[in-house]
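Here are a few short exercises to work through with the model open in front of you. Try each task before you read its solution.

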Amino acid sequence: MKEKKSGLSLHKTTGLTAWSFIIIAVSIIVLFYFYPMIDALLLSFKSGMGANLQFVGLDNYKRLFTDSTFITAVSNTFFYLIIQVPVMIILALFISVLLNDSNLKGRGFFRTAIFLPCVTSLVAYSIIFKYLFAADGLVNMLLMKLHLIADPIQWLTDPFWAKITIIIAITWRWTGYNMIFYLSALQNIDKSIYEAAKIDGANAPRQFFNITIPMLKPIILFTSITSTIGTLQLFDEVMNITKGGPGNATLSISQYIYNLSFKYNADFGYAATVSYSIVFMIVILAIIQFKVAGDKDA
Amino acid sequence: MHKIKRSLTYIFLSIVSFVSIFPFLWMIISSTNKSVDVTKGSLLPGTHFMENLRNLLNTTDLTTALLNSAQIAVITTILALFIASMAGYGFQVFRSKSRDIVFNIILLSMMIPFAALMVPLYRFFAQISKVAPAIGIDTLSAVILPTMTTAFLIFFFRQSTKMFPKDLLEAGRMDGLNELGVFIKIYMPTMKTTYAAAAIITFMSSWNNYLWPLIVLQTPENTTIPLLISNLGAGYAPDYGVIMTAIVIATIPTAAVFFIMQKHFVAGMMGSVK
């Protein structure tokens, strides 16, 4: 009996010690992530300017569907997603496969060079791109000198080209980042699989589609989801390259929330509602990721 | 045929590398030129770097911004590493059902986008300002506090702790160290590479953080490097030479971290998939 008791008390003290290791971190996460999320949920049922908030039920959620600026921000974000994520992933995959060839000279240089954009801050590279893509900027000068275009392209002030500029910028910044993931996954593929395929007469494209792509499926999925989540939260680039313009042609959802809260008359209630729309989209993506990853284990 | 393919590979990779590096080269070259020459598209290094630097120092709060950014990044990194590694260690070494549940709930916070946090966090700090203005709106503490730890870092340390040899912990306990002693004297020194990788991730994201400081910092004496660059870039009559000099200075710390610790850098990135 006595022994059992002392065993129990020892267990208790280790329990306390164990909790003391994690309590600070847990408190911070609760205080700065979960509490704000609950506050935002409550806020999303209220409306009004600044601190004068009144309960309005589901009005904010109804407003989402008739708010043309919100619809523009969502469709811009999806435009970026649908074009930028696949282009970047295919480009990164292609580069990694080329770089995975051990007979290639200068691999280290190419790898470092292509990864280099990742060391820049989002704000810094955005400003550089804004100047490079100005109507009288270097990109237009170069294209005109090469006689690829006759007149300068309005990269920043034309609604279509402004979106393309944002996509080019993000692709520049993140292709090398994704490449590193693919490169390390490629190194884990057993070389003998390719040898066997060669003997069977499979050419390079067939090897790529029948071996490389299926082997890299989990990491491709991982990078697609992280890139998608990143794009859903796009802010720094749009804010610094185009400020969401011309009109609202490049406005992202994050920037719209920022504008609603801190630029015009603060409508925190409605801003919280818009922010829950991003949470909703990310949760759906996470469920997809979880489902697919779960299939793999089964 | 093989030779042609080989050359095409080199040409393609050279073009991609050039596109990747060019904006850096242009930034460095432009920081040595006068604004007029930058607008003319000059691609030759000039001699105006010192003049641009002087103008930058005289017309902006560069020194303040550098000091603030460094202060925020260093304090955040030290706090985040200590708090998150303790938690990651705790969750792994003292595993129990209840703590596993707490860990999984903590992981959920990784899905919360900052876009959803900015409004409630701002309101939260506005409330804090009323009782403790020293850590409220427009203070560096308000930037540091919400980033003091992240679920990702806790996860990262927990994953790394799985590889940590249990015998070492036992040996420490035998030597009469208490649990905190084991953690500080045995775990921390052994896990140097994990700490290095975590430090890089945290330092970089803190140094480059833009949206939250943009919301919570308001006065020039509390500005940070990304805010300063963003403001310069938004000006109507930009001095390109000066702005590029500012961007060069802002990029030096992160580029240095990258080149000195390339291995840890990649290890830190990969930590998120393992």
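**Exercise 1.** Find what lies over the face of Trp174(A).

*Solution.* Keep in mind that you're looking at a predicted model. Start at the ring of Trp174(A): Arg173(A) lies over its face, 4.5 Å from the ring centre. Now go to Tyr270(A), where the charged end of Arg63(A) sits over the ring, at 3.6 Å from the centre.

**Exercise 2.** Work out how the rings of Phe21(A) and Phe183(B) are arranged.

*Solution.* Begin with the count: over all chains there are 46 aromatic pairs. Phe21(A) and Phe183(B) make one of them, with centres 5.6 Å apart and planes at 85°. An angle over 60 degrees counts as edge-to-face, and that's the label for this pair. Next, trace the chains: the pair crosses from helix H1 (residues 2-43) of chain A to helix H10 (residues 179-190) of chain B. Last step, check the cover: Phe21(A) and Phe183(B) are both buried.

**Exercise 3.** Spot the residue of chain B in the aromatic cluster that includes Trp155(A) and Trp161(A).

*Solution.* Go through the chain A members, among them Tyr125(A), Phe129(A) and Trp172(A). Then look across to chain B, and you'll find Phe24(B) in the cluster.

**Exercise 4.** Is Ile4(B) buried or exposed?

*Solution.* First locate Ile4(B) in helix H1 (residues 2-30) of chain B. Its relative accessibility is 54%. The cut-off for exposed is over 50%, so Ile4(B) counts as exposed. Finally, look around it: Ile4(B) helps make a nonpolar surface patch of about 600 Å², along with residues including Leu8(B), Ile11(B) and Phe18(B).

Note on methods
Residues are numbered from 1 along each chain as its sequence is written. Chains are lettered from A and ligands numbered from 1 in the order in which they are written. This is a predicted model: local features need pLDDT of at least 70, side-chain atom pairs count only at pLDDT 80 or more; totals for chains, interfaces and linings use all residues. Side-chain values use heavy atoms; hydrogens and water are left out. Rings of Phe, Tyr and Trp (its six-membered ring) pair if their centres lie within 6.5 Å; planes under 30 degrees apart count as stacked, over 60 as edge-to-face and the rest as tilted. Helices (H or I, at least four residues) and strands (E, at least two) are DSSP runs, numbered from the N terminus. Buried means under 20% relative accessible area, exposed over 50%, partly exposed in between (1.4 Å probe, protein chains only). A charge sits over a ring if NZ of Lys or CZ of Arg is within 6 Å of the ring centre and within 35 degrees of the ring normal. Patches are made of residues with over 30% relative accessible area and no salt bridge: like charges are joined within 9 Å, nonpolar side chains (Val, Leu, Ile, Met, Phe, Trp, Tyr) within 5 Å. Accessible areas come from the Shrake-Rupley method with a 1.4 Å probe; for residues, only the protein chains shown count as cover. A salt bridge is a side-chain nitrogen of Lys or Arg within 4 Å of a carboxyl oxygen of Asp or Glu.
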